[in-house]
Each structure stands twice: as structure tokens, then as C-alpha cells.
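Visitor: Could you walk me through one part of this model up close? I'd like to hear about the salt bridges, pair by pair.

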Amino acid sequence: MSPSAHSVFVGRRPHLDRLLTDARRALEGESQATLLCGDAGIGKSRLLAEYLEHTPMGRTALGSCLELGTGGIAYAPFTALLRHLLRAEDGAPETGSQLTRLLPGLGQDIGPDTGDNGRARLFEAVLTFLEERARPEGLALVVEDLHWSDASTRDLLVFLLRNLRTAPVHLVVSVRTDDLHRTHPLRPLLPELERLPRVARMDLDPLTRQEVAEQAAALAGAAFTETDLDLLHERSGGNPLFVESFVGTADGGGVPEGPRDLLMRGVEPLPDTARKVLGLVSVAGDRVDHALLAEVAERSGIEEDHLDEALRHAVDAQVLRATEIGYVFRHALLAEAVKADLLPGQRVRAHRRYAEVLDTGVPGLPRAETVAQLAHHAYAAHDHPRALVAAWEAAQRALAATAHPEHLELLERVLELWELVPDAADRLDLDRSALLLRVCLAAQVAGDLRRSVDHATDGLADLDSTTEPEAAARLLVARARAYKNLGRIVALDDMRAAAELLPEGHFEQAAIGAATASVLMLQGFHDEAERVAGETIDLARRVGDRGSEADALVTRGALLDVTGSDEALELLREGIRIAREPGEVQVELRGFINLSNNLAMRLEYEEALDTTRRFADRCAELGILRSQGGDYGNAAANYLNCLGRMDQARRVLEVYPAGEELTAARRQGVVAQFHLIQGDWEAAERVLGEFTRVLPRDRSSAMEYLTYYFGRLWLLKEGPGDRLAEAARLAFEGEADIGLIDQVRFSHQGLPSLSELVSRLRHRDEPGDAELAEELAVLLRRTLERADWPTSPAGALNRHMALGWLAENPTGALVHWERALPLAERASVMSRIDAWTGAFWTLLALGDRERATGLLDRVRELRGRLGPAVSCGDVAGMGAALADAAPAPVALPAGLTPREAEVLVQVAKGLSNREVGEALFISAKTVSVHVTNLMAKLGVNNRTAAVTRAHEFGLV
């Protein structure tokens, strides 16, 4: 059979048309991505080859994931894509470019970047490179075999899918779905990818009987009998590879029993040397470089001429396909079948020979790839010393490429081999505790906090803290940082234990102090956190630790934001400035976020918005804007929303998509606000449900769920149906779960809404509503009277609004609304509407129609500016109540309210407070408040004098 016979293309024309349609859509200015899914051998590679040949895109590139397991080559498909595109331009990355992390040898290598920002810079560099190559004629990118991908490849792919927005790029990714076992990392990832905008999934089904007949006839040059066709369709399952394998080797012996037999029938007729060479190739995976294979073959006793002859046989039989630099199996299933046919001893010997050759170096093979393969083959050959050293070097290479998950896996491989190599410490020039510390920190950078805790605990169990206090302290701090990010209070125990192990004034004490202050703040121990932060600032300055000084300054500034003081602003600005000196990027960015929060607490929303823009500018300067853009988008949209510029807020969210889990969950909270304000209850319900899916409660800190609870409360209060009682019960549930009411530092902004719920429940006659209202009011009052209530302008506004709603008489309520209204003038548009609404109802109850009318007019005007979709502020209900209200009563002397005048009349009768309350159907406590107020207005200090003045005014 001629080589061209395998080019038959059957049953996939509709799929090709769909891919080409997506490519044309991408050319119009909106990137597209297709997940091409199907079983092994179903025709994914064949379809992709056809697509690349016919795509309308001006540039194309293909990269494949490699099946190499732990110690594999991180970012392998993207390295191939970038090399292909650069080779087409006869170019190389610019000196110092982040791309050299993926393309060592093509430019001046840059040193390792161990933090999250290094990875962000790399990802943005890849994104920018692809966007530039895509314009104007378009770029088609194909990534094959995502089921074999490393974690870093998957992370970069997700980043690109989220951020390749208007670039004319069509990204097609193939996935072998029959390989996705229950714990495969792609199982949860694929549904996430399918939810992304501009990402579609295409599944390849088996060929029909008619399509199998067409393929078989084209391959064999003649039609099959009906009987043979039935059997071929049944045994092949409509899998094009199996059909091809049978037809290509058919010898009248019938259809083979299973897939492996089908595949191996093309191998079995080959000469012994060819089969031996195929065995060597299969041990390397589904592909191998010629230079490496030649060295391995020579060590296996195969001379160069015999190797060439064997390879010629394999290529002619279409078992292998020659590439520019080596050979690749026609299909990965064929490589797997050949490898499975080897005896265990043959596989181990082949791995050993690969390890020996790689250890001496292979000309033309990049060092990063060499050492990754060496680690893999030495481990498979049970050559533990060589595997140990290779895995250690491969780990450093992975770190330099910011391949953090692979860095962790390789360090764990080193840890596994440590016990098997007696002189491991000498070979690597470090002790086990130092290795465990690196593994612990690597797990944190990779995002696996529980593994970080486990490794630190393992290391501490082997350490004698009396003889190695510094090593023990470092492991305790590392574990504490993991505990901190898990929201566990035991982080404090580890921080304190670490501090006790080190002498006073030790350089690392400052870093411990800064971390301790941060943990204390997150756990709600604000006074102690402020004290520790202050002490840390002093210590850091004495020992010259600028990074810890900046960290503690930012923490102390964040702690003081509840005061709205200028000192808080100064601390945060100083922390941002100092953090930039030693390159503490995360501290600097945290400072910007806290600074904007502080300004918002001062009700200075324009300044807060400007600070988020400075945050974005700094991220752009660092080359991480699109990685951190989700955080910027969330913050900016929130402040724009506060300023009533909701259209701008939506555009910001569109331009800066959310990224990782926490940012994505916070994005759902911001979007839920838009839907709630507009009264789109179904959309709000859907988005809040998405919040819990993206960030399950068991993987979240309590404070992250404030957004969820207050969003649900708004939906229950204002949405369709009578669900006020359900809202109250949800408030109690939130209090038990996360301290919804008690955590005043974080929850004070939502308490006016809960207080308004109490007011509404009090005015209903439904069974149980009064009890729910009073139970909730007790919780709210207890919190509102706490000494640590925020004293910032925002805190004062929220306190007076909450007390205004909770007050049981209009006179007492008005005191609070009159204090809230001036603050509301600077507050968010929603707070303004809420304050005006609350004051309106109080003034209406007091008969002050003129002022009530003025507030209603202001609500109407602001709602009109926000747009017709805005649902806040019951303008219709307020207007109807105003129209139904009685005319303003005749003015009473001394500014007395009607209720105060009623109370004075009863007091003049000689009644006690209890008796007055019974007469007027109010509580004795309320009577006492009225008596106090009326005596102040009358300018008297006892009841007798008050009665005398009442007679003078003719009230009695």
C-alpha cells in the first residue's frame, strides 16, 4: 500500500467545515477555541492535519504534549509552537525576554523567578507574542494530546483561553477522552473550559458502517464483501485507526480479535532488527530524536547501517513517520502496543541505555529536555543515584521556567529517592531539612497548601529544634504560611513557636513578625495584630529587612482603615514605596488594594478608583496586568458601581476577565450586584449559585462568603414572593456560619439592610414575624453598640442607618437619619438612596410632608440618572404613601412632636411611665425616651415643671 493511501479522509467533512467556520470567525476579530474530543484512534490527528492544510489563517503552528510522567518537560506543546513561529521568521526572542524560559538556547537565558509574578510575566509574554503573530492575517494553533499535558501547560492554556479576546487566533486542542480516568486532572477542567466564552467542544463519534465501508474501500482499492464489512465494523467499533490497521495488513487471515492485534499486525512482519528498534523508540514515548536513538541503538548492539535499514522498514510499513529531527509513531496507540509487547527486562535495559546516553549529553538536544528525559529513564531503570541527581537538576530547570507544579513533583521525586541513595546529601550538597523546606515552599507556590503542611510536619518530626533551631523555625514559618492561607488559626501557634526558637533581634524575626501580624488580622485579633505590626516595623528597621518592614506597614495601615484616619493612608503609602525597593511585588500590590479600600472607607470613591488605576498601571509596568487584571476589574467595577457609572463598570469587567478561583468567585459577587440592582432576580440567583460552585464553602475563608450571604439576603428581601421570614432565617444561618453580623470590621456595610428587614417584619401581621424581628434586632443592637465598631465615615454612616431602621419610634429614628444624611451625600449611590428612603419614612411618620417630599424627589432624580432598569428605592410605594398621608398637623409649641404632646398630656394626669405606655399602647421604655426628649425641648428638668409648661401652652 502506498503512503498516500493513509490520507483517505472519511466521515469528518462536517467537523472540518465547523473548524474552518470557527477560523473565519476568529479572523473577523474574536478569538475562537475548539476542544476536539474523542477516543484514541478516532481520527483527531487526521482531522487536524486536514484543518491545518485548509485553514484560512495566515500562520499555523502545532505542538504536542509528551507522555513522560513525573519529570516531564513542562510547557512542551507551547515550546514547540513558539519554536515553529520563530523559525518561520528566522528570529529569536529578544535579550532578557521571558520567552527564553521556554526557549533556552534561542536567546540570553534569564535567571529563575520563584514567585507567582514570574509565572504571570511568562504567561503575558506568551500571550503578547501570539497576539503579535496573529495580526493581521490570523494564527491557527493546534495543541495535540492534552490528556498527557503537565499542569503548567494546562495553566497556560487556561490563561490564553481567558485572555485571547480580540486577537484573530483559532486554538484547537485535542483530547483523548478514553484516557480520562476518574482522578485525571482533565476531568474537572474540561467542563470549566467549556464554560469560557468563545470555547466550543467538538466530539468525534465512531464511523458508521457506511463510512467504514468507504474508508476500507479507499484503503484496499476494492469493496469488501458484506460479511467481511459487518465483521470489520463490529471488531473495529468504527474506529478509523483500527480499520486502517486491519486493511493495511489484511492477508486473508480474517479480522483480528482485538485492537492490540490489529495494531501489532503491522509490526509483526518486520525484520527482527526493525522490531528491536521499534521497541527502543517506544520506550522513549511516541517519538524520539534521531541523534538520541542512534546512540541508544549503538549501545544496544545495533550498528548505524542496520539502524538505518530498520528505520526504513518501519517507515515504509507506516509504523513510524520521519520528522525533521527524528521519528514518531503513526499513532500513540501503536507506540503503547509496541512497548506493552516488550518483556520487563527489555524495558528496564532500554531505559538504562537511554539514561547512560543522556547522562553524557546528546548534541542538539537542549539541556532542559536532556535532564528531564534523564530523570525519567534513570528512575524507570531503577538507577536511583543517577535519577536523584537528574531529578534535582530538572527541578531547578522547572523552577527557572516557572513551571511550579512540575518543580514540586520533581522535588517530591528527589524526596522519594533520598531514602534509597545513602549519600544523597553529599550528592546534592544539602541536608534533608533544607530539602523539605524547599518542597514545602514549592507546594505553596504551586497552590497545594495541604501538601505543604504535610511536608513541613514531616520535616519537623525529624528535627531536633534544640540543635537546629533555625531549620526548625523556617519549617514552622513555612507551615504557618500554609495554615494562614487555609484560614487555620493554628498558624499563630507555629509563628509563635518559630519566634521562640530564634534569639531576640535575629534577622528572620522580622519576617516572622510581619507574617504573624497578617495572620492575627485575618483571624480577627486586631488589637494584637496592630501591636505586633508596630513592633515588627521597629525590628525590621533595626535589622535592615525592608521587605518585612513594608509588609508590616501595609498590615498596620489595613488595620487602621476602620478609623478613616490620615495615619492609615500614610502607613499604606509608605509600605507601597518601601516594598518597591527590594522588589516585594506582592506586598506592593497588596498595599494598593488596601489603600483603595481605605479610601472607600473614607467615602472617597473617586480617589479609590484612581488608586485601582495606579494598581493596574503598576501591573502593566511589571508585565502582569492580564494575570492580575481580574483583581483590578473587580475593584474598579465595584467603585464605578458606587459612583453610579454602571455601564463603565460592565465594560471594565468585559476587558479584564477573572482569572484564578478566588478572583473568579469575587467576580460573581460583583456581577450579582448588577443583577440585584436591576431587579434581574433569575440572573442574580444563577450568579450566586455559580459563586458557590467556583468557591465551595469548605475551600473558602469565612469572609469570602459575606458577598454570598448579603447577595442572597437582598434577593430574598427584594425579589419575587413573600420571603422576608426566609431572609431573617438566612441571617441567623450566616451568623452561625461566618459571623455575618458579629464581624463588624467586614460586615458593617450590610447591617443597614438587615436592620431594614427588622423594620419591615415589625410592620407585618404574619405569624412569627414579630419574634423573628426582635431576635434579629437583639443581635444587631449588640453589634452596633460594640466599642470596636468602625469609626470611619463609612462605618459611621452604616451605624446610623442601621439604628435609624431599628428605632421603634420616629423621633429616635430621626436623630440617626439626620446624622446619616450628610454622610450619605459622599457615599455610594445605593447608600444615598437607602438613606433617603429610610429618612423619608421616618419624616412621613412624624408628619413632616415637606421634607419627606424633598427626599422622594431626590430618590426619583437619582434613579432617573441611573437608568430605568434600576430596582432600588420603592418610588411608587413612597409616592402612594405620601399621597395617602394626612396633611401636616398644626405646629406644636417648643418643637414637640405629636407623640411627645400625647405623652405630655398623659404625664399631666399624674400617670407613671408604665401607665402612660398602657394608655398609648407603647412600651414604658419608649415613654421614658419621649419624656426625656420633651423635657429637653421644654427646657425643664422634672415632670412637675413639664406639666406646668404644658398648662402654659394650653395643651392640658
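**A close look at the salt bridges**

Guide: Let's start at Arg531, which is partly exposed, with a relative accessible area of 43%. Keep in mind that this is a predicted model. The partner of Arg531 is Glu528, and the closest N and O atoms of this salt bridge sit 3.6 Å apart. That falls inside the cut-off, since a side-chain nitrogen of Lys or Arg has to be within 4 Å of a carboxyl oxygen of Asp or Glu. Both residues belong to helix α25 (residues 526-543), and because they are three residues apart there, about one helical turn separates them. Glu528 has 27% relative accessibility, so Glu528 is partly exposed too. For the chemistry behind such pairs: side chains of opposite charge can pair when their charged atoms come close.

There's also a group that goes beyond a single pair. Arg541, Arg546, Glu549, Glu574, Arg577 and Glu581 are joined into one network by salt bridges that share partners.

Now for a pair that links two helices. Glu412 and Arg451 form a salt bridge whose closest N and O atoms are 2.1 Å apart. Glu412 comes from helix α18 (residues 404-418) and Arg451 from helix α21 (residues 449-462), so this salt bridge ties together parts that are 39 residues apart in sequence. As for exposure, Arg451 has a relative accessibility of 29%, so Arg451 counts as partly exposed.

Another link of this kind runs between Arg474 and Glu508, with 2.8 Å between the closest N and O atoms of the salt bridge. Here Arg474 lies in helix α22 (residues 469-485) and Glu508 in helix α24 (residues 507-522), so the parts tied together are 34 residues apart in sequence. Both ends get the partly exposed label: Arg474 because its relative accessibility is 33%, and Glu508 because its value is 23%. The limits behind that label are 20% and 50%: under the lower one a residue is buried, and over the upper one exposed.

So where does that leave you for the whole model? The structure has 74 salt bridges, and the pairs above are some of them: Arg531 with Glu528, Glu412 with Arg451, and Arg474 with Glu508. If you want to follow them on screen, begin with the pair inside helix α25, go on to the link from α18 to α21, and then look at the one from α22 to α24.

Terms used:
Residues are numbered from 1 along each chain as its sequence is written. This is a predicted model: local features need pLDDT of at least 70, side-chain atom pairs count only at pLDDT 80 or more; totals for chains, interfaces and linings use all residues. Side-chain values use heavy atoms; hydrogens and water are left out. Helices (H or I, at least four residues) and strands (E, at least two) are DSSP runs, numbered from the N terminus. Buried means under 20% relative accessible area, exposed over 50%, partly exposed in between (1.4 Å probe, protein chains only).
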